[in-house]
Amino acid sequence: MSAPATAASEPTITAGEAPTGEPVYQLGNVGKTYARNEVVALEDVSLTLNRGSFSSVIGSSGCGKSTLLKIMAGLIPPSTGRVVLQGRPVTGPRRDIGMMFQQATLFPWKTTIENIVLPIEIRDGRAAAAKAREQAQELLAVVGLEGFADVYPNELSGGMAQRASICRMLITEPAVLLLDEPFSALDELSRDMMNMELQRICMERHATAFLVTHSIAEAVILSDDIYVMKPRPGRLAEIVSVDLPRPRTLDMITTPKFGTTVDYIRGLLDKGEAL
Amino acid sequence: MSDANTTGEGSSSAKTPASGVPGIAATAAAVIPVPSSDHGADTVWVEQISFIDRVPRAVSMAFVFVVFIGLWQLSTSLGLVSPIILPTPGETFADMVFVGKNLLSGGYMLPALWITVKEVIYGFALAIAIGFSLGVLVGETVFGERAIMPYLVAIDTMPKVAFAPLFVAWLGFGIESKVALAAFIATFPIVVGTAAGLHAADENARMLFKTMGASRLQTLIKMKLPSGLPQIFTGLKIGAVGVMAGAITGEFLGGGKGFGELIRVAASQLQTPRVFSLILYLSLLGLALYALVTATQRRVVFWQKDTVMGSHD
């Protein structure tokens, strides 16, 4: 898990108010071949995430974006290549990685706040989790869930549950947020709202975010860089930079620049299908 | 909201006149904001529910009970069946009162009932301990699933009652052989329920625990077991029914001094009313055990919506 020695050659890692722009997450020639059926899920992916940046990966089903995210999260090992977060190679799940899934996955036998401090409970025990409650309350306020701390998840709506799961992701103060289609199970109105909320939270915390999505519009409105992937074998096809100003607003959807970017990405994806 | 409302009104005001006077009524509705009395009235109407679905639970249950007793009474008083085979409801009721009095006054039936109660409790406790442990082994480890489960399935398909003579031979005519048979029958549903419960945790929850760096034990205790509780309780309920059957079968086949023995003796003396009333008291014991499990489930699995009983109340 911990390999402190390798950090020597890397630039110093100071948490907190580090300047944006410095590389946080580096992938070099990462590939994944599933041994069982010799399927090449991912081939030669190299990318660098800078601190405070918001990136998305988009591609059709089977282009390996889920595999990529799992490798980045330390959930599965890569077959080839190097994965380095904050100067340390990723060889398993880590505290400085926050993750969020399509389903909120709050546990019904725990109250909202108990769900939020669960990562602390797992890593540091009950006493530490009890201490983290104060911080959890602050996070609840950030996502607009004040007063819902002691409510059981059955009583939360889909959007509220995802807000709570944002808090759970943030409680360990991760350096990078890996988001696996976090709002795709929500209705469109809630989804737009949650996307704007996510942007605000990321900007306030200078968080580095990496989003997997099926929606081109969602990728364009949120991201600085969009990684377009192609299937069989899964690989990076192109990186599209979005130079819309921050903070982004939903009004920008009607701007010509938004439209041309979306069209361009759609064109890339269509070509991918034909191959 | 307001958008939907106005379009809704618009379409309704366009449709209503179509059924009545065309043309004129439509223009009137468009010009006058609050139209004539019958057009402006609230559309309150009563949903039709058939009579049989509106009868309250208590009444419908009482009705079925009365019909059943009536048919029973009729078949005995018309002489359709011999009173030795089927006693009248009155005789049965009288015997139930007799048995009830005997139990309450601490007569000879009370120790017999207590013996059966003990067999059931010990048998159930044993079944829970063994069933839960095996269930965790089978549900959590690949070894258990590969090596233990096939044997469990093989044993489960055997007619377990047929083992009763073996238990008697091994453990004697005392309470032990009955406890063993009761536990033997109740163990398998608990194993299956526990194993199924451990497999019930969804992929997202597993992945989430993995990202949190949870150990295998933490994942088992903090996630898999709690999310499997509904299935585990289903296994316990089936086990609770099986444990009663096991205890009584053990008494039928292995003697002893329990309630099953009283039934056997009464039946051999053709005291059918007594058999009926003993069965009734025995089923009360079974019901109590089942209710205990259900009540525990409601307390422990408080987040689960109650879909077992009374969902129509």
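1. Let me start with the hairpin in chain A of this predicted model. Strand 1 (residues 23–34) and strand 2 (residues 39–50) of chain A run antiparallel and are joined by 8 bridges. One pairing you can pick out by eye is Thr33(A), whose bridge partner in strand 2 of chain A is Val40(A). The two strands have 4 residues between them, and in that turn Glu38(A) takes a positive phi of about 60°.

2. The hairpin belongs to a wider sheet. Strands 2-1-4-5 of chain A, in that order, form an open sheet of 4 strands with antiparallel pairing. At its edges are strand 2 and strand 5 (88–89) of chain A, each of which pairs on one side only. Further in, strand 1 of chain A is joined to strand 4 (residues 80–85) of chain A by 5 bridges, again in the antiparallel sense. Tyr25(A) is a handy place to look here, as its bridge partner in strand 4 of chain A is Leu85(A). Helix 1 (residues 65–72) of chain A lies across strand 1, strand 2 and strand 4 of chain A, and makes an angle of about 60° with strand 2 of chain A.

3. Chain A has another sheet that deserves a look. This one is open too, with 6 strands in the order 6-7-8-3-9-10 and mixed pairing. Which strands stand at its edges? They are strand 6 (97–100) and strand 10 (235–241) of chain A; each has a single partner strand, so one side of each is left without a neighbour in the sheet. On average, neighbouring strands of this sheet are turned by 20° against each other, direction ignored.

4. Within that sheet, strand 7 (residues 176–180) and strand 8 (residues 208–213) of chain A pair in the parallel sense, with 5 bridges. Asp180(A) has Val212(A) as its bridge partner in strand 8 of chain A. Helix 6 (residues 158–170) of chain A lies across strand 6 and strand 7 of chain A, running at about 165° to strand 6 of chain A.

5. The packing leads back to helix 6. The largest nonpolar core has 77 residues, and those with the most contacts inside it are Cys167(A), Val176(A) and Leu178(A). Helix 6 of chain A supplies the largest share of this core, 7 residues. What does Leu178(A) touch, leaving aside its neighbours within four places in sequence? Its contacts are Leu69(A), Met72(A), Ala73(A), Ile97(A), Gly98(A), Met99(A) and Phe210(A). A second, separate core holds 46 residues, among them Val120(B), Val138(B), Val168(B) and Phe184(B).

6. Chain B is built from helices, with 14 of them and 0 strands. Of its 313 residues, 29% are buried. Contacts in chain B with a separation of 6 or more come mostly from far along the sequence: residues 24 or more positions apart account for 74% of them. Glu91(B), in helix 6 (residues 89–104) of chain B, gives an example of distant positions brought together. Glu91(B) and Thr272(B) are 181 residues apart in sequence, while their C-alpha atoms are 9.5 Å apart in space. Is Glu91(B) buried, exposed or partly exposed? Glu91(B) is partly exposed because 17 other C-beta atoms lie within 10 Å, where 20 or more would be needed for a buried residue.

7. A word on confidence in chain B. The mean pLDDT of chain B is 85, with 85% of its residues at 70 or more. Among its elements, helix 7 (residues 109–140) of chain B has the highest mean pLDDT (95) and helix 1 (residues 2–19) of chain B the lowest (42). Across residues 1–29 of chain B the pLDDT is below 50, and beyond near neighbours in sequence this stretch has 10 contacts in the model. Residues 308–313 of chain B also have a pLDDT below 50, with 3 contacts counted in that way. Where pLDDT is low, the predicted coordinates should not be read in detail.

8. Finally, the interface. The predictor gives the complex an ipTM of 0.82 and a pTM of 0.78. In the model, 12 residues of chain B are in contact with 17 residues of chain A. On the chain B side, helix 11 (203–211) and helix 12 (216–254) are the elements that give two or more residues. Helix 11 of chain B gives the most, with 6 residues. By residue type, the chain B side divides into 7 nonpolar, 4 polar and 1 charged.

Key. Residues numbered from 1 in each chain as written. Chains lettered and ligands numbered in written order. Predicted model: local features only at pLDDT ≥ 70, side-chain atom pairs only at ≥ 80, totals over all residues. Pairing = 2+ DSSP bridges. pLDDT = per-residue confidence, 0-100. Contact = placed C-beta atoms within 7 Å. Nonpolar A, V, L, I, M, F, W, Y, C, P; charged D, E, K, R; others polar. Axes fitted to C-alpha atoms, helices over the stretch in contact; angles between N-to-C directions. Buried ≥ 20, exposed ≤ 12 C-beta atoms within 10 Å, placed from the backbone. Core = buried A, V, L, I, M, F, W, Y, C linked by C-beta atoms within 7 Å.
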